[in-house]
Number of protein chains: 2
Amino acid sequence: MTISKYDLRKAYSRVRPFVFKTPVVSSSYLDAQYEAQFFIKSEQFQPIGAFKIRGAANFTQILSDAELKKGLVTHSSGNHAQAVAFMAYKLGIKASVVMPDNSNKVKIANAKKWGAEVILCEPIIEARLAVSNRIARETSATIVPPFDHEWIIEGQATAAMELIADVPDLDYIIAPLGGGGLLSGTALAAHYFSPKTVVIGAEPENASDGFEGFKTGIRVSSFKPNTIADGLRTTVGEIPFEYIKKLVSDIWLAPEDLIAKSMFEYWQQTKHIIEPSCAVPMAAFHSKRDLLKGKKVGIIITGGNVDFTSLPSL
Amino acid sequence: MTISKYDLRKAYSRVRPFVFKTPVVSSSYLDAQYEAQFFIKSEQFQPIGAFKIRGAANFTQILSDAELKKGLVTHSSGNHAQAVAFMAYKLGIKASVVMPDNSNKVKIANAKKWGAEVILCEPIIEARLAVSNRIARETSATIVPPFDHEWIIEGQATAAMELIADVPDLDYIIAPLGGGGLLSGTALAAHYFSPKTVVIGAEPENASDGFEGFKTGIRVSSFKPNTIADGLRTTVGEIPFEYIKKLVSDIWLAPEDLIAKSMFEYWQQTKHIIEPSCAVPMAAFHSKRDLLKGKKVGIIITGGNVDFTSLPSL
């Protein structure tokens, strides 16, 4: 295990000046529905409306001043782009973000709001990599990877660290699985700070590369996802995959039709906005009632950046 | 002035066991946009998702046990119906709620959720009154009026009482104006507990009966509103009108096209869901920047019961 308990503690002190300690909320309707106690870490209330600020803060705070001066570059379909743009704004440096041209409009607008240069490209990973590598080569800017890097994983771990500090005896923590930065960080946080807590990943049935890899032990490196959970359309990265294999207990799949339904129900009941990706854990544990009954269950809500002009229909 | 400072204090102790002391939140985007400081009383976080629980709690707590046993009846297009249903549920008595057949589906479902009998009627005030009067006659149930009653006004006043207790030196409080229960209660609360605070009502341009009456001094008793702010389609009641004339400083009108826009912007920025009615103050003070600059401005968010299957388009 390369990332140590000490690394996570250092990451927490690095990110602390840039992130909100978001609230852990309860939900009487979920509690009643599952006869369980839910503790919902609400990262949609971060300054950029998503947890991704944590990884970007940790990564950039490790860079030297000389490196920072040359600027940042990243590729992302959304919240990570905003996170890098936000950090560049806070640090007074330049950021270029490469975004697929089919990205959520709100996420594009938000990256621009923080002063980043947004470069749109074809919505395939090869195009994203090619464009961001070219910019890095031409400007000597540092590439901030969206998930496949230990500094990013350490940063994302800080959400679960705060959740565990608030609720020390959780039976489960359930986090969505996209590129795996959050889930691997969450698993590391539980491993070091709450070892009895079972960590579960939740993935859309229609973007089940992580589930397949987890079951076979061999990472799926290419996959064509088809889900409304726009934050989870990436395949799991190499580094996160290794931590997930070791530390995560299971991956639960969310039926596509339950994702929008669970999202709107959460909106209706709590008056809090969450992204489709955040509803993936709820849609996934819909069929796990027996496992959750009587348990203390942590959920990580990853963000609330919804494009209201193109909502899924019910 | 029939309602005294002492009446409001008594109302507060009556409603306290049934309502949440909802949070007063700030908003960096509104503050930056207006160079003002906003204090947003967030009544969408009440158990029924709206402030109306306050009036219903005060009203039913004044009734005798013998009266309560005969049940409650009311007519409402929405949140008041839920409030009466909720109070009946809490008190273990029967409630019949007469709702126009074009009511927001979520509000109908919620009234049923609390065990009320829902009777749908034609969406005109005459039908609502006729049906609820008939039920009251037949069952001896007590009619709980939605706004035109001093006990209801006292109850609704408690939202502003809490806001004033949290933020004692507000320059403005802005509340939406529908039937006038909330606005008259808010004005009374400011009159007794924060007399320097200027109270403003906000009304949709397309439901401007309150504005017309306020300007001429003669209540408009019949009006055909055409606004997405479904909570504000009623005309101002007789009793609220008298308090509003005396205690409210002005009524500001919200252009219809800004209501949905302000609502979605609030969702996007805060991740909190508000109803179209709650966006009416924001849409109304859009053209009042000069008045608000540098001021401490309280806003009352009335509820968050949105039908996501029929959202307004932008």
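**View 1. Arg289 over the ring of Tyr34 in chains A and B of the predicted model.** A:Arg289 sits over the face of A:Tyr34, 5.0 Å from the ring centre. B:Arg289 likewise lies over the face of B:Tyr34, at 5.0 Å from the ring centre. A charge sits over a ring if NZ of Lys or CZ of Arg is within 6 Å of the ring centre and within 35 degrees of the ring normal. This is a predicted model, in which local features need pLDDT of at least 70, side-chain atom pairs count only at pLDDT 80 or more, and totals for chains, interfaces and linings use all residues. Residues are numbered from 1 along each chain as its sequence is written, chains are lettered from A in the order in which they are written, and side-chain values use heavy atoms, without hydrogens and water.

**View 2. The tilted pair B:Tyr89 and B:Trp114.** Rings of Phe, Tyr and Trp (its six-membered ring) pair if their centres lie within 6.5 Å; planes under 30 degrees apart count as stacked, over 60 as edge-to-face and the rest as tilted. The count over all chains is 23 aromatic pairs. For B:Tyr89 and B:Trp114 the centres are 5.2 Å apart and the planes at 55 degrees, so the pair is tilted. B:Tyr89 belongs to helix α5 (residues 79-91) of chain B, and B:Trp114 to the loop between α6 (105-113) and β5 (117-121), 25 residues apart. Helices (H or I, at least four residues) and strands (E, at least two) are DSSP runs, numbered from the N terminus.

**View 3. The edge-to-face pair B:Phe264 and B:Trp267.** The centres lie 5.2 Å apart, with 80 degrees between the planes. Ring pairs link A:Phe264, A:Trp267, A:Phe308, B:Phe264, B:Trp267 and B:Phe308 into a cluster.
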